[in-house]
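Reader: I should be grateful for a close look at a single helix and at what surrounds it. Please begin with the criterion on which the description rests, and then give one connected account.

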Amino acid sequence: MVKTNKVGQFIQDARLRAGFPKQEALAQALHCTGQYIHLLETGKTIPSVRTSAKIQTVLRIDANKLIVLVIDFKVNQKIQALMRECEDCGIQLSRYANRDISRHLLEAVREQNGGVSQKTL
């Protein structure tokens, strides 16, 4: 499972590699606030797929790496919620269910033209 700090660290590393030494510079390029970039990089919030696509374009990130990280995080959030719902109903799932479901979903995403097509965003 991808943790928000992994997504945030990825964004921060990509920002620095792309020549944006300050969060405010990236914020200006994305037409958002420096506070929002700070929240992303510290893992306090996760970007939408649409915002991830914009970040990828501005930071020149190849192969939809950020979008795959974001989708993985969001899929795992949903899976955890569904697993809690099953437990609340007395349904016992395999301890590997989360991993197996997540792996299948990510494989499906990666098979789509090598990742998520930005045209579908």
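Author: A residue is called buried when its relative accessible area is under 20%, and exposed when that area is over 50%. The structure discussed here is a predicted model.

The part chosen is helix α4, which comprises residues 49-59. Its buried residues are S52, A53, I55, Q56 and L59. Viewed down the axis of α4, these buried positions fall within an arc of 160 degrees, and they therefore line one face of the helix. The general geometry is helpful here: an α-helix has 3.6 residues a turn, so residues three or four places apart point the same way. On the other side of α4 lie R50 and T57, both of them exposed.

The residue that follows α4 is R60, and its phi is positive, near 55 degrees. R60 is not a glycine, and most residues other than glycine have a negative phi. R60 is placed in the loop between α4 and α5, and with a relative accessible area of 58% it is exposed.

A counterpart occurs earlier in the chain at H31, which has a positive phi of about 60 degrees although it is not a glycine. H31 belongs to the loop between α2 (23-30) and α3 (34-41). Its relative accessibility is 76%, so H31 too counts as exposed.

Beyond the loop that holds R60 comes α5, spanning residues 65-88. For its 24 residues, a rise of 1.5 Å a residue predicts a span of 34 Å; the end C-alpha atoms are 35 Å apart, which agrees. Buried residues of α5 include L66, I67, V68, L69, V70, I71, D72 and F73. Farther along α5, V75, N76, I79 and M83 are buried as well. After α5 comes G90, with a positive phi near 80 degrees.

The helices before α4 contribute a charged contact. The structure holds one salt bridge, formed by E41 and R15, whose closest N and O atoms are 2.5 Å apart. Because E41 lies in helix α3 and R15 in helix α1 (residues 4-17), the pair ties together parts that are 26 residues apart in sequence. Both partners are buried: E41 has a relative accessibility of 8%, and R15 one of 4%.

To return to α4, the helix has a buried face, exposed residues R50 and T57 on the other side, and R60 with its positive phi following it.

Notes: Residues numbered from 1 in each chain as written. Predicted model: local features only at pLDDT ≥ 70, side-chain atom pairs only at ≥ 80, totals over all residues. Heavy atoms only, no water. Buried < 20%, exposed > 50% of the residue type's maximum accessible area, 1.4 Å probe, protein only. Helix = DSSP H or I, 4+ residues; strand = E, 2+ residues; numbered from the N terminus. Arc of directions from axis to C-beta. Salt bridge = Lys/Arg side-chain N within 4 Å of Asp/Glu carboxyl O. Expected span 1.5 Å × (residues − 1).
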